[in-house]
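Here are my notes on the model you sent over, point by point. Have the viewer open while you read.

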Amino acid sequence: MRVVVDKDKCTGCGECRDVCPKGPKIWKINGKAEANNLRYCHVCTLCASKCPERAITVIRDEENGEKEEASA
Ligand code: SF4
Ligand code: SF4
């Protein structure tokens, strides 16, 4: 799976890290947000739903191709 941040929209506010159950493990905010260590990700899609800029897309890869799990 992937957590994609649209860097053009991201303001680096840190909301994604704050709402993520594994925030400090996954999110690095350095001007722009970046999701790492996705083995910790629950695919809860909270980050995508709470991003004020709607910059995050959580994509779950499935056997029969990609399915978009949550589009902010
Ligand atoms: S919540 Fe959205 S705008 Fe804020 S840092 Fe995360 S990705 Fe960027
Ligand atoms: S989907 Fe949930 S666990 Fe995964 S990065 Fe977003 S908030 Fe964190």
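1. Starting with the fold: the protein chain has three helices and five strands. Going along the sequence, these come in the order β-α-α-β-β-α-β-β. Keep in mind that this is a predicted model.

2. On packing, the chain counts 72 residues, and 22% of them are buried. If you look at contacts between residues at least 6 apart in sequence, 46% of those join residues at least 24 apart.

3. Next, the core. The largest nonpolar one holds 15 residues, and the members with the most contacts inside it are Val3, Cys16, Trp27, Cys47, Cys51 and Ile56. The elements that supply two or more residues to this core are β1 (2–5), β3 (32–35), α3 (46–50) and β4 (56–62).

4. Now ligand 1. It has 14 residues around it, and Cys10, Cys13, Glu15, Cys16 and Cys51 come nearest. By type, that shell splits into nine nonpolar, three polar and two charged residues. Two of the nearest residues, Cys16 and Cys51, also turn up among the core residues with the most contacts, so to speak on both lists.

5. Which residues are closest to ligand 2? The answer is Cys20, Cys41, Cys44, Leu46 and Cys47, out of 14 residues that surround this ligand. The shell here divides into eleven nonpolar, two polar and one charged. Cys47 is one of the closest residues to ligand 2 and is also listed among the core residues with the most contacts.

6. The hairpin is worth a click. Strand β2 (residues 27–30) runs antiparallel to β3, and four bridges join the two. Within that pairing, Ile29 of β2 has Ala33 in β3 as its bridge partner. One residue sits between the two strands, and Gly31 in the turn shows a positive phi of about 85°. As for links to the core, β3 is one of the elements giving it two or more residues, and Trp27 is one of the core residues with the most contacts.

7. Last, Arg54. You'll find this residue in the loop between α3 and β4. Is Arg54 buried or exposed, or something in between? With 13 C-beta neighbours inside 10 Å, it counts as partly exposed, because the exposed class stops at 12 or fewer and the buried class begins at 20. Arg54 and Cys10 are 44 residues apart along the chain, and 8.2 Å separates their C-alpha atoms. Cys10, for its part, is among the residues nearest to ligand 1.

Note on methods
Residues are numbered from 1 along each chain as its sequence is written. Chains are lettered from A and ligands numbered from 1 in the order in which they are written. This is a predicted model: local features need pLDDT of at least 70, side-chain atom pairs count only at pLDDT 80 or more; totals for chains, interfaces and linings use all residues. A residue is near a molecule or strand if its C-beta atom, placed from the backbone, lies within 6 Å of it. Ala, Val, Leu, Ile, Met, Phe, Trp, Tyr, Cys and Pro count as nonpolar, Asp, Glu, Lys and Arg as charged, and the others, Gly among them, as polar. Two residues are in contact if their C-beta atoms, placed from the backbone, lie within 7 Å. A nonpolar core is a set of buried Ala, Val, Leu, Ile, Met, Phe, Trp, Tyr and Cys residues joined through C-beta atoms within 7 Å. Two strands pair if DSSP finds at least two bridges between them.
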